[in-house]
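Here is a short report on one protein chain. Look over the sequence and the model first, then read on.

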Amino acid sequence: MAALICINGLAGWHAIEGFMSERLRIATFNLENLGRTRDDSIGLDERIAALRPVLRRLRADVLCLQEVDGQKPADGGPRDLAVLEVLLANTSYAGFARCCTAGPGGGVRDIHNLVVLSRWPIVEHREIRHEIVPAPILHLPLLAEPVAATWRRPLLHAVIDLPGGNRLQVVNAHFRAPLAAALPGQKAGPFSWKSTEAWAQGSYRSVVERAGQALEARLLVDGLLAADPEALICLAGDFNATLDEMPLRLLLAAEEDTGNGHLAGRALTPLERSLPESVRHTVLHHGRPQMLDHILVSRALLGWYRQLEIHNEALADELVGYVGIEQTPGSLHAPVVAAFEPG
């Protein structure tokens, strides 16, 4: 595993134990292509000035990040997370334990890495992509050969040792957006298709891939709960879906969907339900608020739950941002942070 793991020194451990006896804060935040190499008008200093206060305000003990891009070092070595290092400098997160998704050659991926940061030791971590659910094979009329509906983004599963002997199972996820998947030779532009047939078949492929990602995450959760029905599980990230869409319904496995009360212990709970509907949004799209970033927890962890915050006060409209703003230094996703008290 190529990800770097740093563990806090013993001197800080006892102070942290005292803190842990009161509260645990878990957060998720899509940084939106942090560190992407491109010719644009927004420099790194401006991005850090916009993002660092957001991270500090979270005061997270466990932080799940999405869309962290990797950089190629000048010496030609494996890609690293140099820009993330700069962002985290002079914050408490700089000394946190860390794991991330891996790329070829022992480094990280070029784009859209997942990162988990933890105040406490990360004792295990792994990527999960087609380890539980094989890629479905699609036979599309427009393509001469069958195509595998693979999902590009893995899940990142981290096991964290909490003070007091408990273990926290964190799954960081970033599902594909609900846009039609590309088909060879069928697009007229980045968001334009040559025919309705092509758009429809690309959309079908996208639906299969999104459902496959959700199914793999659901089966991962089922496996963890089969091994330990009282497991403390937190599934967090950018799911690009609201609670009424199938990817989230697969993850939640609510009683009204399974039709079996004996399966209630396998269900996950979306913590945003504890907030008024008027503030439940992490994205604005053409004036329409949407909750696309979620923190879902197992029944045992729900027993520790106390409070949820969605830091969306300064959120800009993503459609207006893409069309009318030259560059946005921050993120068009709002972070979400949940507070827990150990039982």
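A residue counts as buried under 20% relative accessible area, as exposed over 50%, and as partly exposed in between. Ile-132 has 34% relative accessibility, so it counts as partly exposed. Keep in mind that this is a predicted model.

**Overall make-up**

The protein has eight helices and 18 strands. Of its 343 residues, 52% are buried. About 15600 Å² is exposed, and carbon and sulfur atoms supply 54% of that area. Take the contacts between residues at least 6 apart in sequence: 75% of them join residues at least 24 apart.

**The six-stranded sheet**

One open sheet is built from six strands. Their order is β5-β8-β9-β12-β16-β13, with mixed pairing. Strands β5 (122-128) and β13 (269-270) stand at the edges. Each has a single partner strand, so one side of each is left without a neighbour in the sheet.

Strand β5 runs antiparallel to β8 (residues 155-161), and six bridges join them. Within this pair, Glu-127 of β5 stands opposite Leu-156 in β8. Helix α4 (residues 196-227) packs on the sheet. The helix touches β5, β8, β9 (167-174) and β12 (232-238). Its direction makes about 25 degrees with that of β8.

**A buried strand and its partners**

Is strand β2 (residues 62-68) enclosed or open to the outside? Seven of its seven residues are buried, so β2 is largely enclosed by the rest of the structure. Strand β2 pairs with β1 (residues 24-34) in parallel. It also pairs with β4 (residues 113-118), this time antiparallel.

The table sets out the three strand pairs described here.

| Strand pair | Bridges | Direction |
|---|---|---|
| β5 and β8 | six bridges | antiparallel |
| β1 and β2 | six bridges | parallel |
| β2 and β4 | five bridges | antiparallel |

Two residue pairs help to locate β2 in the viewer. Ile-26 has Val-62 in β2 as its bridge partner. Leu-65 has Val-115 in β4 as its bridge partner.

**A nonpolar surface patch**

Now return to Ile-132. This residue is found in the loop between β5 and β6 (137-138). Which residues form a nonpolar patch on the surface with Ile-132? They are Leu-215 and Leu-219. Together the three have about 200 Å² of accessible area. The partly exposed state of Ile-132 follows from its 34% relative accessibility.

Note on methods: Residues numbered from 1 in each chain as written. Predicted model: local features only at pLDDT ≥ 70, side-chain atom pairs only at ≥ 80, totals over all residues. Heavy atoms only, no water. Pairing = 2+ DSSP bridges. Helix = DSSP H or I, 4+ residues; strand = E, 2+ residues; numbered from the N terminus. Contact = heavy atoms within 4.5 Å. Axes fitted to C-alpha atoms, helices over the stretch in contact; angles between N-to-C directions. Buried < 20%, exposed > 50% of the residue type's maximum accessible area, 1.4 Å probe, protein only. Patch = residues over 30% accessible without salt bridge, like charges linked within 9 Å, V, L, I, M, F, W, Y side chains within 5 Å. Areas by Shrake-Rupley, 256 points an atom, 1.4 Å probe, with all protein chains shown as cover. Salt bridge = Lys/Arg side-chain N within 4 Å of Asp/Glu carboxyl O.
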